[in-house]
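Visitor: I would like to learn how to read a protein model, feature by feature. Could you walk me through one?

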Amino acid sequence: MTIMLNVLLVYFSGTGITRYYASLICEEMNKRGYNCDTYDLEELTDISTLWQKRPVALNYTIKAEVERPLSNYPWPYMKLENALLDRIESPILDDVVQYWSSYDLIGFGSPVYSFRPAPVMIRFLLDLPYFNKAVRTFSFATHDGAQGDYEAFMKNVLTAKGLKYIGHIGQSFIYSATAIMREKFDHVKTGRLLLRKSENARRDINIFLEYVHSQYFGIPYWYKGTNLIDKIFGIPYRLFYSYGIDLILNHFLFGYGIHKEDCIQCMTCVNQCPQGLIEVDKEDYPIRYYHCMYCLRCLNWCPTNALYFSKLTSRKARFPGPEVLLEAVSQIDYETSKKSKP
Ligand SMILES: Cc1cc2nc3c(=O)[nH]c(=O)nc-3n(C[C@H](O)[C@H](O)[C@H](O)COP(=O)(O)O)c2cc1C
Ligand code: SF4
Ligand code: SF4
């Protein structure tokens, strides 16, 4: 029996992987005859203003501020524990919620940053007004192997907003975050890996959609999702992340630097920062006075590779986004097929 569902996917994506994942989820839903709309937080909401009004920071940002302050200005970061109690509802979002309530299912997605959703997504979720209609909702994430508290966090926040949380789906695609520390980032090889992982993702999405389907018919369906796998295989990752993440972030990420001689003052980094944290100095060069969530977009998107965080990320490879990788693969496949033709 087919059912027609009206689905909305709301997401934040730092460097494009989560956006790509949302597009795969939509494609698989479309194949089942569902209508699927997407809502990129940055396109429809002034996410940086929303976040800057009451900035919530994960532990690693607070540590960065303590260990390597970038300026003398005190920044009123709010710790996550405090932010959770700070559930002021925002009248600007009332209309949005009214409109969203017409959907049958809403999915919220983000990259995993230090076991949780990105701080801009956290701020947005906390600011969402209470839903008077218990619309079904799920969470989705992209990550590098350890989702940690992401699902539990989403479940708690979305349930507290009056939504009916039905589950979570997550996918690890490619280690895009480490590109900024590598000498070379092979576009074709990584593009092929992305394609392989996309097949896994589609399979898991369909398992999840079977479960979603059962939710509307009351048929019992055992959905293990990625949670069990994450619990078992996530333990070493989790240990690695909890001890290793400090080391990695501290040495590779914390900080801000610019090779002024390479900067063409295009303002891409200033305009692209989802937290609106990059300003311009007296000479019109970009500068960041505060630690951020390290979404890596400014580094990756800078056309001249002028930016770096720590010295170890200076003049290193960059991650161009999933579309560029897939384009590189199709280009090489096209050239190979041309050569092999008699
Ligand atoms: C600051 C930072 C923290 C991260 N923390 C985690 C983590 O705790 N667990 C994990 O599995 N992946 C972690 N990652 C990897 C991202 O979740 C992964 O690269 C994600 O797919 C990026 O999605 P995007 O391209 O939509 O931004 C982290 C990445 C960054 C930049
Ligand atoms: S994106 Fe790069 S080149 Fe453009 S202003 Fe920023 S640092 Fe300079
Ligand atoms: S400064 Fe760069 S890495 Fe930090 S949040 Fe902004 S775009 Fe992302």
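Guide: We will go from the overall fold to strands, aromatic rings, one helix residue and the ligand shells. Please keep in mind that this is a predicted model.

Visitor: Let us start wide. How many helices and strands are in the chain?

Guide: The chain has 13 helices and 12 strands. Of its 342 residues, 54% are buried. For the contacts, take those with a separation of 6 or more: residues 24 or more positions apart account for 80% of them.

Visitor: Now the strands. Which strands pair with β5, and in which sense, parallel or antiparallel?

Guide: A pairing is read from its sense and its number of bridges, so let us take the partners in turn. Strand β1 (residues 6-11) pairs with β5 in the parallel sense over 5 bridges. β7 also pairs with β5 in the parallel sense, over 7 bridges. Strand β6 (residues 116-117) pairs with β5 in the antiparallel sense, over 2 bridges.

Visitor: How many residues of β5 are buried?

Guide: Strand β5 spans residues 105-113, and 9 of its 9 residues are buried. Moving on from β5 through β7, you reach β8, which pairs with β7 in the parallel sense over 8 bridges. β8 is mostly covered too, with 8 of its 9 residues buried.

Visitor: Which residues can I click on to follow these bridges?

Guide: Begin at Tyr11, whose bridge partner in β5 is Gly109. From Gly109, step to its bridge partner in β7, Phe140. For the step from β7 to β8, use Thr142, with Gln171 as its bridge partner. On the antiparallel side, Val112 has Pro117 of β6 as its bridge partner. The hairpin of β5 and β6 has 2 residues between the strands, and there Ser114 takes a positive phi near 50 degrees.

Visitor: Tyr11 was the starting point. Is Tyr11 buried or exposed?

Guide: Tyr11 is found in strand β1, and its relative accessibility is 6%, so it counts as buried. The cut-off behind that verdict is 20%. Tyr11 and Gly109 are 98 residues apart along the chain, yet their C-alpha atoms are separated by 4.5 Å. Leaving aside residues up to four places away in sequence, Tyr11 touches several others, among them Arg19, Asp40, Met121 and Phe140.

Visitor: Next, the aromatic rings. How should I describe a pair?

Guide: The general idea is to give the distance of the centres and the angle of the planes. Here the count comes to 15 aromatic pairs. Take Phe138 and Phe208: their ring centres are 5.1 Å apart and their planes are at 50 degrees, so the pair is tilted. This pair links distant parts of the chain, with Phe138 in strand β7 (residues 136-143) and Phe208 in helix α9 (residues 187-217), 70 residues apart. Phe138 counts as buried because its relative accessibility is 0%, and Phe208 counts as buried at 2%.

Visitor: What would an edge-to-face pair look like?

Guide: Look at Phe185 and Phe319, whose ring centres are 5.9 Å apart with planes at 80 degrees, so this pair is edge-to-face. The angle is over 60 degrees, which is the cut-off for that label. Phe185 lies in the loop between β8 (164-172) and α9, while Phe319 lies in the loop between β12 (307-308) and α13 (322-340), 134 residues apart. Both Phe185 and Phe319 are buried.

Visitor: Which residues form an aromatic cluster?

Guide: Tyr20, Tyr21, Phe138, Phe140, Phe173, Phe208 and Tyr211 form one. Tyr211 also leads us to a polar residue: the side chain of Ser214 reaches the backbone oxygen of Tyr211 at 2.5 Å. Ser214 is in helix α9 and counts as buried, because its relative accessibility is 5%.

Visitor: Last, the ligands. What surrounds ligand 2?

Guide: For a ligand shell, list the residues and then sort them by class. Ligand 2 is surrounded by 13 residues, and the closest are Cys263, Cys266, Met267, Cys269 and Cys302. By class, this shell has 10 nonpolar, 3 polar and no charged residues.

Visitor: And which residues are around ligand 3?

Guide: They include Cys273, Arg288, Cys292, Cys295, Cys298 and Phe309. The shell around ligand 3 has 9 nonpolar, 1 polar and 1 charged residues.

Key:
Residues are numbered from 1 along each chain as its sequence is written. Chains are lettered from A and ligands numbered from 1 in the order in which they are written. Side-chain values use heavy atoms; hydrogens and water are left out. A residue is near a molecule or strand if one of its heavy atoms lies within 4 Å of it. Ala, Val, Leu, Ile, Met, Phe, Trp, Tyr, Cys and Pro count as nonpolar, Asp, Glu, Lys and Arg as charged, and the others, Gly among them, as polar. Rings of Phe, Tyr and Trp (its six-membered ring) pair if their centres lie within 6.5 Å; planes under 30 degrees apart count as stacked, over 60 as edge-to-face and the rest as tilted. Helices (H or I, at least four residues) and strands (E, at least two) are DSSP runs, numbered from the N terminus. Buried means under 20% relative accessible area, exposed over 50%, partly exposed in between (1.4 Å probe, protein chains only). A polar contact is a pair of N or O atoms within 3.5 Å; within protein, one must be able to donate a hydrogen and the other to accept it, and residues adjacent in sequence count only if both atoms are side-chain atoms. Contact means heavy atoms within 4.5 Å.
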